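Here's a quick briefing to read with the structure open beside you. Have a look around first, then go through the points below.

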Amino acid sequence: MSIVKKLDISKYLVIGPENTKGRPVATIIKDAVNAGFTCIQIRSKVASAKELIQLTRQAAEAIEEAGKSKEVALLVNDRLDIVLAARKEGIKVDGIHVGQTDIPVDVCREYLGEELIVGLSARADELFEYIKTADVSQLDYFGVGPLRETQTKPDCGLGKDGRVITRSFDDIAKISELSSIPVVVGGGVKLADIPSLAQTGADGFFVVSAVTEADNPKLEATKLVNAWNDYKSREKCSVN
Ligand SMILES: Cc1ncc(COP(=O)(O)OP(=O)(O)O)c(N)n1
Ligand SMILES: Cc1nc(C(=O)O)sc1CCOP(=O)(O)O
Ligand SMILES: [Mg+2]
């Protein structure tokens, strides 16, 4: 089965060398995947193309070493050229995440085909209307945020007036209900937010600093995974 058919964005790590306090990106990815993270995105605004390909290779190897290549998707942020170059080199990369001002979704789909993953950040302004009316035919999921302002991406959620629009848990619940494709929520997400986020009906959470800046990334990743899974298994029990 292709990875897109069993895409799991419930516990999603976004990571680049600028986030790790000098520690190897691949080691933190391996820790996160062993802890139960289900999706990894390589995101760097400073790495060269060569460095990004190398990071993608190391990430794919880390996922392979954890024995999770068939279930944990590896995506690259922004850079269709890197996805294509990496795949040409035989690296197992599964798709791309783009934003509203990045390379268009239809171009990504044209080059990546039906079997790879294309994720898109939802618009910051008029979000509810956007989620209701956007063409999602070429998309696998929406990234939505931020829950809070964050130093990791100070320009996230900018509205037309230049101010950051944050999302309440109620907003996220509404978005999750309106969206016809899965929704993953991030931006300032910390361990204490996971139970409330899990209750919104969102399909998952994404984090950078909660894991990449932790003194012990594996321990923090495990706590985040357990918090999400605990809520979801209790929810399942109460339904049955
Ligand atoms: C899962 C996920 N959601 C949102 C984003 C943000 O993407 P974008 O708006 O393109 O901003 P940059 O990450 O490129 O700065 C994301 N990367 N991942
Ligand atoms: C990559 C990204 N996108 C966001 C959005 O709101 O679209 S927030 C963000 C960074 C999230 O980092 P942290 O977990 O350290 O707050
Ligand atoms: Mg982008």
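What follows is a short tour by topic, from helix packing to the two ligands.

Keep in mind that this is a predicted model. Two of the helix contacts share H1, which packs with H9 and also with H2. Two ligands are in the picture, with 17 residues surrounding ligand 1 and 18 surrounding ligand 2.

**H1 and its helix partners**

- H1 spans residues 25–35 and H9 spans residues 217–239; the two pack at an angle of about 30 degrees, and their axes are 8 Å apart. The crossing of this pair is right-handed.
- On the H1 side, the contact with H9 uses Ile28, Asp31, Ala32, Asn34 and Ala35, while H9 brings in Pro217, Lys218, Ala221, Thr222 and Val225. Sorted by class, that makes 6 nonpolar, 2 polar and 2 charged residues.
- With H2, the axis of H1 comes within 9 Å, and the two cross at roughly 30 degrees. This crossing is right-handed too.
- H1 meets H2 through Val25, Ala26, Ile29, Lys30 and Val33. From H2 come Leu55, Gln58, Ala59, Glu61, Ala62, Ile63 and Glu65. The class count for the contact of H1 with H2 is 8 nonpolar, 1 polar and 3 charged residues.

**Backbone oddities**

- For context, most residues other than glycine have a negative phi, and most peptide bonds are trans.
- Which peptide bond is cis, with omega near 0 degrees? It's the one from Gly145 to Pro146. Pro146 sits in the loop between strand E6 (141–144) and helix H6 (169–178).
- Lys21 isn't a glycine, yet its phi is positive, near 55 degrees. You'll find Lys21 in the loop between strand E1 (11–15) and H1.
- Asp78 is another non-glycine with a positive phi, in this case about 70 degrees. Its place is the loop between strand E3 (73–77) and helix H3 (80–88).
- Are these two buried or exposed? Lys21 is exposed, because just 12 other C-beta atoms lie within 10 Å and the cut-off for exposed is 12 or fewer. Asp78 counts as buried because it has 20 other C-beta atoms within 10 Å, and buried takes 20 or more.

**Annotated binding-site residues**

- An unreviewed UniProt entry carries a "binding site" annotation that covers Gln41, Ile42, Arg43, Ser44, Lys45, Asn77, Ser121 and Lys153.
- Take Arg43, one of the residues covered by that annotation. It lies in the loop between strand E2 (39–42) and helix H2 (49–65), and it is buried because 23 other C-beta atoms are within 10 Å.
- Setting aside residues up to four places away in sequence, Arg43 touches Val14, Ile15, Gly16 and Asn77.
- Asn77, also covered by the annotation, is found in strand E3. It counts as buried because it has 21 C-beta neighbours inside 10 Å.
- What is Asn77 in contact with, leaving aside its neighbours within four places in sequence? The contacts are Gln41, Ile42, Arg43 and His97.

**Around the ligands**

- Among the 17 residues surrounding ligand 1, the closest are His97, Gly99, Ser121, Gly143 and Phe206. Ser121 is also covered by the UniProt "binding site" annotation.
- Which strands each supply at least two residues of the shell around ligand 1? E1, strand E4 (95–98), strand E5 (117–121) and strand E7 (183–186) do.
- By class, the shell around ligand 1 divides into 5 nonpolar, 8 polar and 4 charged residues.
- Ligand 2 has Gly145, Thr150, Thr152, Gly187 and Ser209 as the closest of its 18 surrounding residues. Gly145 is also on one end of the cis peptide bond.
- The shell around ligand 2 has 7 nonpolar, 10 polar and 1 charged residues.

**A buried leucine in H7**

- Leu197 belongs to helix H7 (residues 194–199). It's classed as buried because 22 C-beta neighbours fall inside 10 Å.
- Leu197 touches Phe169, Ile172, Val185, Val189, Ala202 and Phe205, again not counting residues up to four places away in sequence.
- For one of these, Val185, the separation of C-alpha atoms from Leu197 is 8.2 Å, with the two residues 12 apart along the chain.

Terms used. Residues are numbered from 1 along each chain as its sequence is written. Chains are lettered from A and ligands numbered from 1 in the order in which they are written. This is a predicted model: local features need pLDDT of at least 70, side-chain atom pairs count only at pLDDT 80 or more; totals for chains, interfaces and linings use all residues. Axes are lines fitted to C-alpha atoms, for helices over the stretch in contact, and angles run from 0 to 180 degrees between N-to-C directions. Helices (H or I, at least four residues) and strands (E, at least two) are DSSP runs, numbered from the N terminus. A crossing is left-handed if the near helix is turned anticlockwise from the far one by less than a right angle, and right-handed if clockwise. Two residues are in contact if their C-beta atoms, placed from the backbone, lie within 7 Å. Ala, Val, Leu, Ile, Met, Phe, Trp, Tyr, Cys and Pro count as nonpolar, Asp, Glu, Lys and Arg as charged, and the others, Gly among them, as polar. UniProt positions are given in the numbering used here, feature names are shortened, and annotations may be inferred rather than shown by experiment. A residue is near a molecule or strand if its C-beta atom, placed from the backbone, lies within 6 Å of it.
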